[in-house]
Amino acid sequence: MRRILILGGTTEARRLAERLVERADVAVTVSLAGRTTMPAAHAVPVRIGGFGGAEGLGEYLMAERVDALIDATHPYAAIISANAADAAAATRVPLLALRRPPWVPRSGDRWIEVADAAAAVQALGEASRRVFLALGKREVRTFAQAPQHHYLVRSVEPVDPPLAVPHASYVTGRGPFTEADDRALLAAHAIDLVIARNSGGTATYGKIAAARALGLPVILLRRPAMPEVATVETVEEALMWLDHALALRGV
């Protein structure tokens, strides 16, 4: 039996684990960073918490005799992906990145692409806006630098402590979010601008489609640079890669 470690936290990671759980030739573990207290359920054993950088991950790969490493983390988890690449190179464990493709603009989209949350704050300008923030907790904190705006913040878990601005509302939820639901949410709060990451996939695309339907501008944070490793976009492609990688290791 060969050991597979999936660096997870995404829908793709869960789906890949579901496809592998019934195979008798592999033992799969999903590793989560532990940034949410109630992660989604998985079909395989889950490990929660960091490894201690690339060196710690490399030690884990060797100690657990991992035969293949699949990086199926969020497209913005650049540090985790970099550590995975370094650890795989040091231990010679085959590595695959399962990365969903980014969204691309369609007719009617009004996108402003920026490098990061700080650049998004600058792009907001000085005049007060009603802003929908669909970002990670760390990125949301950056908007305390622009307290003149009214913010609606959506996150998987409550933002604690709250954003240090006079006007902020909060909603919690885990996707998928539909276009209809997000359009109703934006309209109910009189939102005039959306700020989000270009996460790709369908689960959180509702806000992008809703903004298009309502004619709202969207400030999108660009994806960070990722290490150059073997990469696929679908679970099916990941399964094919895995079979090939295990075959090369003597399965």
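Me: Where is Pro176 found in this predicted model?

Reply: Such a question is best read against the secondary structure on either side. Pro176 sits in the loop that runs between E9 and helix H6 (179-188).

Me: What is the geometry of the peptide bond from Gly175 to Pro176, cis or trans?

Reply: The omega angle is the value to read here. For the bond from Gly175 to Pro176 omega is near 15°, and the bond is cis. A cis peptide bond also joins Asp160 and Pro161, with omega at about 0°. Pro161 belongs to the loop between strand E8 (150-155) and strand E9 (168-172).

Me: Which value of phi does Arg92 take, and where does Arg92 lie?

Reply: The sign of phi is read together with the residue type. Arg92 is a residue other than glycine, yet its phi is positive, near 60°. Arg92 lies in the loop between helix H3 (78-91) and strand E5 (95-98). Its relative accessible area is 73%, and since exposed means over 50%, Arg92 counts as exposed.

Me: How is Ala190 to be read in the same manner?

Reply: Ala190, again a residue other than glycine, has a positive phi near 50°. Its place is the loop between H6 and strand E10 (193-197). With a relative accessibility of 44%, Ala190 is classed as partly exposed. A further positive phi, about 55°, belongs to Arg65, just after H2.

Me: Which residues of helix H2 are buried, and what covers them?

Reply: The general idea concerns helix periodicity. An α-helix has 3.6 residues a turn, so residues three or four places apart point the same way. In helix H2 (residues 53-63), the buried residues are Gly56, Leu57, Gly58 and Leu61. Their cover includes strand E1 (2-7), strand E4 (66-71) and H3.

Me: In what order do the strands of the open sheet stand, and is the pairing parallel or antiparallel?

Reply: A sheet is read from one edge strand to the other. Here 6 strands form an open sheet with parallel pairing, in the order E3-E2-E1-E4-E5-E12. The edges are strand E3 (46-48) and strand E12 (231-232); each has a single partner strand, so one side of each has no neighbour in the sheet.

Me: How many bridges link E2 and E3?

Reply: Strand E2 (residues 26-32) pairs with E3 over 3 bridges, in the parallel sense. At the level of residues, Ser31 stands opposite Arg47 in E3.

Me: What do the overall values say about the protein?

Reply: One begins with the inventory and then turns to dimensions. The protein has 8 helices and 12 strands. Its radius of gyration is 20 Å, which agrees with the value near 18 Å for a compact globule of 251 residues. Along the principal axes, the C-alpha atoms fill a box of roughly 60 × 35 × 30 Å.

Me: How much of the protein is buried, and what supplies the exposed area?

Reply: Burial is read by residue, and the surface by atom type. Of the 251 residues, 44% count as buried. About 12,400 Å² is exposed, and carbon and sulfur atoms supply 53% of that area.

Me: What share of contacts falls to residues 24 or more positions apart, and how are the charges placed?

Reply: Sequence separation is the quantity to read for contacts. Among contacts in the protein with a separation of 6 or more, 67% are between residues 24 or more positions apart. For charges, one compares mean positions: those of the 28 positive and 26 negative charges are 2 Å apart.

Technical notes:
Residues are numbered from 1 along each chain as its sequence is written. This is a predicted model: local features need pLDDT of at least 70, side-chain atom pairs count only at pLDDT 80 or more; totals for chains, interfaces and linings use all residues. Side-chain values use heavy atoms; hydrogens and water are left out. Helices (H or I, at least four residues) and strands (E, at least two) are DSSP runs, numbered from the N terminus. The radius of gyration is taken over C-alpha atoms; the globule rule is 2.2 Å times the number of residues to the power 0.38. Buried means under 20% relative accessible area, exposed over 50%, partly exposed in between (1.4 Å probe, protein chains only). Contact means heavy atoms within 4.5 Å. Accessible areas come from the Shrake-Rupley method with a 1.4 Å probe; for residues, only the protein chains shown count as cover. Lys and Arg count as positive and Asp and Glu as negative; His and the chain ends are not counted. The place of a charge is taken as NZ of Lys, CZ of Arg, CG of Asp or CD of Glu. Two strands pair if DSSP finds at least two bridges between them.
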